[in-house]
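Please look over the sequence and the model shown below before working through the exercises. Each exercise sets a task and then solves it step by step.

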Amino acid sequence: MQDKIILGLLLDGDKSSYDIKKNMEMSTGFFYNSSQGSIQPALKKLLQNGHVTFSEEYQGARVKKVYAITKEGEKEFIEWADEEISLEKPRDPALVKIFFSNYVELDRQLEMIEEYLHEIKNVIAIMRRMEQISLEQIKNSEQALENGKIKSRMATLQFGMDYYIFLNEWYEKYLRQLRNDN
């Protein structure tokens with residue numbers, strides 16, 4: 001999946017691996033985990049398969065690789081994007097911890113959930129700021145294609161916000177239940 005995300009981001013324009021990582025953090029990173037350590041192997045695979053190329057840009061004494069999607073890479077991405085969507089089971093390490101939380105002292109359980117809720121609230125705040133930026137882009141966009149791209153990304157952003165709002169509500173409810181039961 002990492003390679004497909006990279007190809008999709010490169011369709012928006014050439015990027016360094018650092019730029020790819022930053023783009024992921026502010027987009028797909030809210031619903032698909034990625035790290036710099038996984039980006040480099042994915043780029044290597046994409047290079048080997050002829051799906052991307054790179055050029056070197058000099059910034060003073062530093063050399064920066066800038067990646068671009070090839071026609072073959074674009075074809076690969078479009079074929080993947082056109083495949084049916086399959087349902088996958090969610091993977092949520094926090095729920096696994098909750099499942100086994102009976103082995104942890106109650107005070108620590110409460111503390112962990114409060115910390116997790118704080119993280120969730122931070123993500124919601126970031127996503128709300130991103131939503132405002134995206135809404136302004138839609139308002140200022142004159143090109144239909146660009147507007148369509150922004151709208152599809154807004155839909156995934158809205159899903160992410162709804163997901164984190166649900167998590168927030170669920171964990172707050174669970175926290176109240178823990179406190180009331182003890």
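The exercises below deal with a helix, a sheet, a loop residue and a surface patch.

This is a predicted model, in which local features need pLDDT of at least 70 and side-chain atom pairs count only at pLDDT 80 or more, while totals for chains, interfaces and linings use all residues. Residues are numbered from 1 along each chain as its sequence is written, and side-chain values use heavy atoms, with hydrogens and water left out.

**Exercise 1.** Place D3 in its helix and describe its surroundings.

*Solution.* D3 belongs to helix α1, residues 2-11, where helices are DSSP runs of H or I with at least four residues and strands are runs of E with at least two, numbered from the N terminus. The relative accessible area of D3 is 10%, so D3 is buried (buried means under 20%, exposed over 50%, partly exposed in between, with a 1.4 Å probe and protein chains only). The helix as a whole is mostly covered, since nine of the 10 residues of α1 are buried. Next, the side chain of D3 makes a polar contact of 3.4 Å with that of K4 and another of 3.5 Å with that of K45; such a contact is a pair of N or O atoms within 3.5 Å, of which, within protein, one must be able to donate a hydrogen and the other to accept it, and residues adjacent in sequence count only if both atoms are side-chain atoms. Not counting residues up to four places away in sequence, D3 touches A42, K45 and L46, contact meaning heavy atoms within 4.5 Å.

**Exercise 2.** Work out which strands stand at the edges of the sheet.

*Solution.* The sheet is open, with three strands in the order β1-β3-β2 and antiparallel pairing. β1 (15-16) and β2 (52-59) each have a single partner strand, so one side of each is left without a neighbour in the sheet. Two strands pair if DSSP finds at least two bridges between them, and β1 pairs with β3 (residues 62-69) over two bridges.

**Exercise 3.** Decide whether F30 is buried or exposed, and list its contacts.

*Solution.* F30 sits in the loop between α2 (17-25) and α3 (36-48). With a relative accessible area of 13%, F30 is buried. Leaving aside neighbours within four places in sequence, F30 is in contact with E25, V123, I126, M127, M130 and Y164.

**Exercise 4.** Find how F100 is classed by accessibility.

*Solution.* F100 lies in the loop between α5 (93-99) and α6 (106-140). Its relative accessibility is 45%, so F100 counts as partly exposed.
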